[in-house]
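I opened this notebook to keep track of what I look up in one structure. The entries go from the sheet to the surface and then to the charged pairs.

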Amino acid sequence: MEQEKMKFAPCVMLVDAIALDGVVADVATYFAPVVGRKLPKADLAVLLECLALDAGWLPDAARQVQVLLVYGNGRKRLMHCLPADLTNELDGKAFKGELGEFSISAYQPSGMATQEVLFTETLELLDEASEAKQWILIPDMQEYSTTWKKRLDKRQSKAECTLFAMMRPPKMGMVRFEQLGFAVLRALGIKAEEIK
């Protein structure tokens, strides 16, 4: 990603795609015996829309949502979501729904950089972009150090920011926390009445 050319939509989702895929796998493994059936792969479009709803975004067909998927050099596919191919099926693609038009870009770090470095640098660019008014963040809470969190804590942007994770991190500051698992359950097609 070239810093001087990065443009953002009013609504941005910055997602560690591999971490999200891992959460989907964990949730599916846990809930398949609970609901008594084999679960399909998660519908990524449904998952993204559920995240937007859980972040409090109201339906708005004119909304422009920029989805930035960060992934590692060794992985080109999601194992538990569909579509799965990060470069051929997701990068440069878009879909429209009641919550707006979701435009997807997939990025991997170059050279010796890591997913965390790319996530943190993108977060920094996002902070400098006045056009981005609503953010959704899904970092890899298990693998990342505290660098991204420190960058988030000192952000200057007044954008509405929602962090999704399985567990609430300590000292959230001016960031709203939402439970990631609920959106994943819906994307896996699990209904509330199936969970007893």
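What follows are my entries, in the order in which I made them.

**Ground rules.** I am working with a predicted model, in which local features need pLDDT of at least 70 and side-chain atom pairs count only at pLDDT 80 or more, while totals for chains, interfaces and linings use all residues. Residues are numbered from 1 along each chain as its sequence is written, and side-chain values use heavy atoms, with hydrogens and water left out.

**The sheet.** I looked up the strand order first and found an open sheet of seven strands, arranged 5-6-3-1-7-8-9 with mixed pairing. Strand 5 (94-97) and strand 9 (176-179) each have a single partner strand and stand at the edges, so one side of each is left without a neighbour in the sheet. From one strand to the next the twist averages 20°. For my own use I note that strands (E, at least two residues) and helices (H or I, at least four) are DSSP runs numbered from the N terminus, and that two strands pair if DSSP finds at least two bridges between them.

**Strand 3 and its partners.** Is strand 3 enclosed or open? Six of the seven residues of strand 3 (residues 64-70) are buried, so this strand is largely enclosed by the rest of the structure; buried means under 20% relative accessible area, exposed over 50%, and partly exposed in between, with a 1.4 Å probe and protein chains only. Strand 1 (residues 11-16) runs parallel to strand 3 and is joined to it by six bridges, with Asp16 opposite Val70. Strand 6 (residues 100-107) is also parallel to strand 3, joined by seven bridges, and there Leu69 has Ala106 as its bridge partner.

**Strands 7 and 8, with helix 6.** Strand 7 (residues 134-138) pairs with strand 8 (residues 160-165) in the parallel sense over four bridges, where Trp135 has Cys161 as its bridge partner. Helix 6 (residues 180-187) packs on the sheet and touches strand 7, strand 8 and strand 9, its direction making about 40° with that of strand 9. Contact here means heavy atoms within 4.5 Å, and the angles, on a scale from 0 to 180 degrees, are between N-to-C directions of lines fitted to C-alpha atoms, for helices over the stretch in contact.

**Charged pairs.** I counted eight salt bridges in the structure, each being a side-chain nitrogen of Lys or Arg within 4 Å of a carboxyl oxygen of Asp or Glu. In one of them the side chains of Asp21 and Arg75 meet at 2.9 Å, N to O. Asp21 lies in helix 1 (residues 17-35) and Arg75 in the loop between strand 3 and strand 4 (81-82), so the pair ties together parts that are 54 residues apart in sequence. Asp21 is buried, at 1% relative accessible area, whereas Arg75 is partly exposed, at 26%.

A further salt bridge is formed by Glu194 and Arg37 (2.8 Å, N to O). Because Glu194 lies in the segment after helix 6 and Arg37 in the loop between helix 1 and strand 2 (42-43), this pair ties together parts that are 157 residues apart in sequence. Glu194 counts as buried at 18% relative accessibility, and Arg37 is partly exposed at 30%.

The side chains of Arg186 and Asp54 also meet in a salt bridge (2.8 Å, N to O).
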